Amino acid sequence: MASAKKSAEGTDLVQQAEKYLKTSLLKWKPDYELAADSYNKAATCFKTAKELHKAKDCLYKASDNYKQTKAYFSAAKSLDQAILLLKELQDWKEISTIAHKACQLFQEHGSPDTAALLLDKSAKMIEPHLPEDALILYKRAMEVVMVEDRPRQASEFASRAGRLLVRLGRYEDAINMLSKEMNYHIAGENPAAVGRVLVAVVMLHLAREDIIAAGKAIQEWGGNGQQEELQVAMNLHRAFDSEDAQAAERALADPFIRHMDVEYAKLTRSVPLPKGLSELENAARPKTNLASLVDDIPAIDDDDIENEYGGVARSYHVDPEAESKEIKNDDDLEEGGLC
């Protein structure tokens, strides 16, 4: 009974909105603002009455009328509410379309942060159902915040996009995305976050069986991040470069990797071991208890890193005014951690 009453109330408000849009001899212009308000109220009534399709249509009309008065923020907020209804209706494709429209309206109003957050929220909604569409939303969110020169926010969206690409098995695209993330961390004066991403990039190169590219990644990015993270990356590259299957298993079993985001932890099962392991052992590898091998991972000192990777270890935590000084011993470095 209550829902029927609310539905009737919503219908009356729609009729009222239509009257505001009519013109006559004495009324030359439609009253878009009053019509938009009526459509918004009608949407609330229909939502209460569980008539979600009618509520969604009213919000679309409210947004269109707000645009006529250049009230772009209100127009975008109406679409934002419509996205929540679309989630209940499980109309994932429509969420993507409306998110792009709402983003444009928030940008026209001068609210890029709100636009980026809406894109991020919408991408999370549709990610399990339309991952490719979600990826486009994450990329646009990156572009929106970088217009305002906000690399720290962009790095968050790049990180989500990178993990999604790994789940999709698009490793090369994931490497490119994570490279952008590392650039954003450096631009945002947060180089300590680079090490974690570097380990993921090295694993992706190894999953593609490109050991040379893994080594180049360490050379390029190894001067940032924490010593612990670089050592993990070094362990991985050294084991695969020497085709030492047992060392490779130990490196992939490192607790640092097992406590990374789940996409990267699972990636260890997709990395083909060096040829030193027989085909029979390689087929049985997922059943191997890798955790028992962690304690045997060899340590790497700075001289090894400098000789193999062009001295990247020399750039850790060095003050710009004291670059000529030797870096402290490993024991004096700050202990690395997961970001």
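Counting a salt bridge wherever a side-chain nitrogen of Lys or Arg lies within 4 Å of a carboxyl oxygen of Asp or Glu, the structure comes to 17 salt bridges. This is a predicted model, in which local features need pLDDT of at least 70 and side-chain atom pairs count only at pLDDT 80 or more, whereas totals for chains, interfaces and linings use all residues. Residues are numbered from 1 along each chain as its sequence is written, and side-chain values use heavy atoms, with hydrogens and water left out.

A useful place to begin is Asp80, which takes part in a salt bridge with Lys77, the closest N and O atoms being 3.6 Å apart. Both residues belong to helix H4 (residues 72-89), where a spacing of 3 residues separates them by about one helical turn; helices here are DSSP runs (H or I, at least four residues), numbered from the N terminus. An α-helix has 3.6 residues a turn, so residues three or four places apart point the same way. Asp80 also meets the side chain of Lys121 in a salt bridge, at 2.6 Å from N to O. Because Lys121 lies in helix H6 (residues 112-126) and Asp80 in helix H4, this pair ties together parts that are 41 residues apart in sequence.

The surroundings of these side chains can be described by relative accessible area, calculated with a 1.4 Å probe on protein chains only, where buried means under 20%, exposed over 50%, and partly exposed in between. Asp80, at 11%, is buried, whereas Lys77 is partly exposed at 33% and Lys121 is partly exposed at 30%.

Another salt bridge joins Asp173 and Arg170, with 3.0 Å between N and O. Asp173 has a relative accessible area of 33%, which makes it partly exposed, and Arg170, at 26%, is also classed as partly exposed. Elsewhere, Glu127, Arg163, Arg167, Asp261 and Glu263 are joined into one network by salt bridges that share partners.

Helix H9 (residues 171-187) contains Lys180, a residue that is partly exposed at 43% relative accessible area. Lys180 and Ser159 are 21 residues apart in sequence, and their C-alpha atoms are 9.1 Å apart in space.

Helix H13 (residues 245-252) has 7 of its 8 residues buried, so this helix is largely enclosed by the rest of the structure. The buried residues are Ala245, Ala247, Ala248, Glu249, Arg250, Ala251 and Leu252. They pack against helix H12 (227-241) and helix H14 (255-258), contact here meaning heavy atoms within 4.5 Å. The N-terminal end of H13 is capped by Asp244, a side-chain oxygen of which lies 3.2 Å from the backbone nitrogen of Gln246.

The cysteines remain to be considered. A disulfide is a covalent bond between the sulfur atoms of two cysteines. With the criterion set at a pair of cysteine sulfur atoms within 2.5 Å, the structure holds 0 disulfides. For Cys45, the closest cysteine sulfur is that of Cys58, and the separation of 9.1 Å is too far for a bond. Cys58 is likewise in no disulfide, its nearest cysteine sulfur being that of Cys45. As for their surroundings, Cys45 is buried at 4% relative accessibility, and Cys58 is buried at 5%.

Terms used:
Helix = DSSP H or I, 4+ residues; strand = E, 2+ residues; numbered from the N terminus. Polar contact = N/O pair within 3.5 Å; in protein donor to acceptor, adjacent residues only side chain to side chain.
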